[in-house]
Amino acid sequence: MLRALFEKTGNAVYLSHLDLMRLFQRAFKRAGLPLTHTQGFNPRPSVSIALPLSLGMESHCELLDFSLEGEIPDYGELRDRLNEKLVEGVRILRVYQDGEKLKNLALLQCRLTLEYDGGIPQNAVEKLEALFSRDSLTVEKKGKNGVSDQDIVPLLRRISFEAESGTELGIDAWAHCQNPSLNPMQLVAAIRKYAPELSPDFVRCCRMEIFTEQEEVFR
Amino acid sequence: MTDIKQRILPRVQKPARYTGGEWGEVKKDKKDVRVRVAFCFPDTYEIGMSNVGMRILYGVMNQMEGVWCERVFAPWGDMEAAMRQHNLPLWALESQDPVGDFDMIAFTIGYEMAYSNILNMLSLAGVPLHARERQDLKNMVFAGGVCAFNPEPLADFIDFFSLGEGEDSTVEIVSLYDRAKTEGWSKDAFLHAAAKIPGVYVPSFYRHEYNPDGTLAAVVPLEGAPETVTKRIVEDLDSAYFPTKMIVPSTEIVHDRANLEVFRGCIRGCRFCQAGFSCRPVRKKSPEVLYRQAVETLAHSGNNEITISSLSTSDYRGLKELTDALIPYCADNKINLSVPSLRADNFSRELMEKLQTVRKSGLTFAPEAGTQRLRDVINKNLTEEEILNTCTQAFSGGWNSVKLYFMLGLPTETDEDVLGIAELVYKIIQAWKENAVNKKRGLRVHVATAYFVPKPHTPFQWEKQITPQEYLRRCKLLKSHFYSKSIEYDYHSPDLSRLEAVFARGDRRLGPVLEAAVASGARLDGWDEYFDYAKWFDAFRACGVDESFYTTRGYGEDELLPWDAIDVGVSKKFLLRERHRAYEGLVTPDCRHGCAGCGANQLLQEVACDA
């Protein structure tokens, strides 16, 4: 099994998880790199992407697992050949073998940028720090079984706030990403619910890095 | 601050439809570009990107030096609302520039129910709707596609139409525009020169006069325009331009696969079918060229599915040779090969068995009519015996589902014909009972009836459409004769087909109706989520237009028809003869059993009709 670390930026953030799977399958075909297929009545190319990314989010730390038929080229060449056949915004950074077991992937560091068109509200950083030091913050979570309440505080390992400019406020958040996971946009939902005066006009979100439980970079 | 478009995108459904950036899209440096064409498809991205014609012409224009053709699709309602709220004009995907910045705005129109989208897209682009309001060379609006064979309902809005196949004529048109722009011609000078290109129809060069009873009295060519304009065809498809480096959508579309068109035209002559007549004469591509193009297309796109397409693939003489070559290639490269539009003959059955992709569920027939008598009237030469034989074989091979498509309201149709559908369905159920290998799995027969829409350039172009009430009565009659639980019966609501009938045979008096309906919010009419006949009903009343004039009235054989200035190659005399044969219940054998003399072969100079 091979693993590729890739980023998803620009307009590629609007590709869904399924779109991305299809894109990779076709890119492998275009690059003349045949994927192995699953056994069974309806063979499927063996590619999988860890931690599906929400539509609209950027990421610099996505993982694609795959396996190839026949002779495997040098990893650098493999990366370059694939990058030539991918679309703008999807770029493979590294290809390697023997990646860590996905079950050890525990934490996600992400960067949220809150945009305030009329300027950051007064004392926003302090208010947000106070808000996120509460013991519990529950927001609605839409799941397969309908809407339920999710307490986001236990899922956050750390969070910090910083005014990046007069209109943009950055959040650096480390959150659990498996069993259970926290969608970083839930932080914004909490702000809208508990501090509506701090509701931003727009939010950008980017996955920066992934870590093990011990906060070592996960690969 | 994130710009407004990027703020909207995360909020709308399927935002990847609006961003461009797919594999194979063409980007050019604006400083090398003299003519920019916004190629608009008047429906959503998923529909438009499935259109082969648009893909071909996109390639044709982009291989021209100094020309950059970009794609534009109709936004879904959520995006449209956001665009209007934020005054964001419609943009083209490749450059993301507003459509209003483009030199030429082209539309390809394959369906009458897309007309509202054309007006709505012009409106979203901020381009004046009426051709006469656009006085400069810039924003020249032209259109092609099968609907251009009766362009009159759109005459107010489109500067000129390109009739027939566009591989050659589009190059001539865009080159002329290039020259006009460089030399600073007026719009009028350009249109006069364009009208001299064969296949170009400039509606403003024709005056339509009406009789007191509302029928057309005269079509008067003005300013030296030709009396009739003949559609263009490509004679030799093997040497015709075909793009093997096509765009591969990053998001799902309706037909997400490579497409191999094996021939154009049709030998069958089903009397209701517009494509069957207006796409004549028959011209084939050779299996060698097709195989090469298939391999190139698949290698470039990375698609894992390819489909062979034509109006009736079993009639392609090179089918065996082509599939013999393609099947092993596809097997080696894990590509699904699908061959739709097969007739129920022996070769097809063998082929279906060879194609592993055929899942054991899909068996589809379009008998169109329930009795042999009526099938003879419409010249659909599919017999009950053929259907039952194929079903019998399929059922004994494990298939357990059949889809059947019919039309209601065909000329001469009686209740006996309607109930003939039920009888045919019961014979199919009987065949299953006698032949099914695993009865526990049950049988599903899906029956769908459509409301017959008479189309221009067919032998039925003069026919009356039955009233919506009568159509519904026949649907209910049929439904009351379906007792088996195996039958699933769907009938389309009549409003859409009634509207389609109005515009299919419409004239210039429909321009204001179209405008009024769009002004009141009509668009995306092909989608149940949006179609609202009330908007159209009000528009007809407001404009004093009676729909029944175009639908249930029927057109007289000696009446001047709105599309008489358009020549698709098949003569009116032939269509009339076919109409009379229909009423006599006489079939006309397919073209391979002797030329019926439709006249389309006269469009050919270099090659003979391959019927």
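Across the interface between domain 1 of chain B and domain 2 of chain B, three salt bridges are found in this predicted model. The side chains of Glu165(B) and Arg264(B) meet in a salt bridge, with 3.1 Å from N to O. This interface also holds 10 residue pairs in polar contact, counted where both residues have a pLDDT of 80 or more. On the side of domain 1 of chain B that touches domain 2 of chain B, helix 2 (45–48) and helix 3 (52–62) of chain B each supply at least two residues, and the largest share of that side, six residues, comes from helix 3 of chain B. Sorted by class, the residues of this side of domain 1 of chain B divide into 11 nonpolar, five polar and nine charged.

To place these details in the chain, it helps to see where the two parts lie. Domain 1 of chain B covers residues 4–230, whereas domain 2 of chain B is made up of 235–358 together with 571–611. The centres of these two domains, taken over C-alpha atoms, are separated by 27 Å, and their contact takes 25 residues from domain 1 of chain B and 19 residues from domain 2 of chain B.

The size of an interface is often given as the accessible area lost when the parts come together. Between domain 1 and domain 2 of chain B, the buried area is about 2100 Å², and carbon and sulfur atoms give 64% of it. Within domain 1 of chain B, the residues that lose the most area to domain 2 of chain B are Trp23(B), Arg55(B) and Glu165(B), which together account for 26% of what that side buries.

Chain A can be followed in a similar way. This chain is divided into domain 1, which spans 2–99, and domain 2, which spans 104–212, and the C-alpha centres of these domains of chain A lie 29 Å apart. Here 11 residues of domain 1 of chain A are in contact with 12 residues of domain 2 of chain A, and the area buried between them is about 970 Å², of which carbon and sulfur atoms give 66%. Leu51(A), Met57(A) and Cys61(A) supply 58% of the area that domain 1 of chain A buries against domain 2 of chain A, more than any other three residues.

One salt bridge is found across this interface of chain A. Glu62(A) forms a salt bridge with Arg207(A), and their closest N and O atoms are 2.7 Å apart. Between the two domains of chain A, seven residue pairs are in polar contact, with both residues at pLDDT 80 or more, and the side of domain 1 of chain A that touches domain 2 of chain A has six nonpolar, three polar and two charged residues.

Methods:
Residues numbered from 1 in each chain as written. Chains lettered and ligands numbered in written order. Predicted model: local features only at pLDDT ≥ 70, side-chain atom pairs only at ≥ 80, totals over all residues. Heavy atoms only, no water. Domains from an automatic or database assignment. Contact = heavy atoms within 4.5 Å. Buried area = accessible area lost by both parts, 1.4 Å probe. Salt bridge = Lys/Arg side-chain N within 4 Å of Asp/Glu carboxyl O. Polar contact = N/O pair within 3.5 Å; in protein donor to acceptor, adjacent residues only side chain to side chain. Nonpolar A, V, L, I, M, F, W, Y, C, P; charged D, E, K, R; others polar. Helix = DSSP H or I, 4+ residues; strand = E, 2+ residues; numbered from the N terminus.
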